[in-house]
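Could you look over the cysteines in this model before you set up any calculation? My notes on them are below the structure.

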Amino acid sequence: MRLLILVAGFFLAFSLPNAYADDVSEGRNLFITRCLGCHAFACNKIGPRLAGLIGRTVGTVEDYGFYSQGLKDADFVWADKSLDTFFTDPGKIFPKSVMARNGKIEDATQRRQIIAFLRTEDPTVNICPQK
């Protein structure tokens, strides 16, 4: 029994970092195809910039002026669980937000992957409008 626990622990210790790396890689691809048109980490676009998203209170990017009233009035912080809930059905939480129309991600694996990628704040996907 001890050997089985030891082997299982060894397997988990070495497979979890790879699984997380796979999530980040797939999340990057999903972000590029689903999110990059409206979001970047370094700048506001149609949607607010995502730098510092994890741990930030909803609707508080100061120089972004297009939050719906629901997002402005929200009183919670973006974290893995709140992002997962939001991505499941943004319109259920914030019916008048732009994300309500085109932000729904039904696949739980894809939500997990995008959230893993958002944690990286990868600067290589910062396609920002020229000023």
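The points that follow take up the cysteine pairing first and the unpaired cysteines afterwards.

1. This is a predicted model, in which local features need pLDDT of at least 70 and side-chain atom pairs count only at pLDDT 80 or more, whereas totals for chains, interfaces and linings use all residues. Residues are numbered from 1 along each chain as its sequence is written, and side-chain values use heavy atoms, with hydrogens and water left out.

2. Searching the whole structure gives one disulfide, the term being used for a pair of cysteine sulfur atoms within 2.5 Å. The bond runs between Cys43 and Cys128, with an S to S distance of 2.1 Å. Because the torsion about the S-S bond of Cys43 and Cys128 is about -100°, this disulfide is left-handed.

3. The pair links distant parts of the chain, 85 residues apart: Cys43 lies in the loop between helix H1 (2-34) and helix H2 (69-73), and Cys128 lies in the segment after helix H6 (108-118). Helices here are DSSP runs (H or I, at least four residues), numbered from the N terminus.

4. As for exposure, Cys43 counts as buried at 14% relative accessibility, while Cys128, at 25%, is partly exposed. Buried means under 20% relative accessible area, exposed over 50%, and partly exposed in between, with a 1.4 Å probe and protein chains only.

5. Why is Cys35 not bonded to Cys38? The closest cysteine sulfur to that of Cys35 is in Cys38, and at 8.5 Å it is too far for a bond. Cys35 is buried, with a relative accessible area of 15%, whereas Cys38 is partly exposed at 26%.

Note on methods: Helix = DSSP H or I, 4+ residues; strand = E, 2+ residues; numbered from the N terminus.
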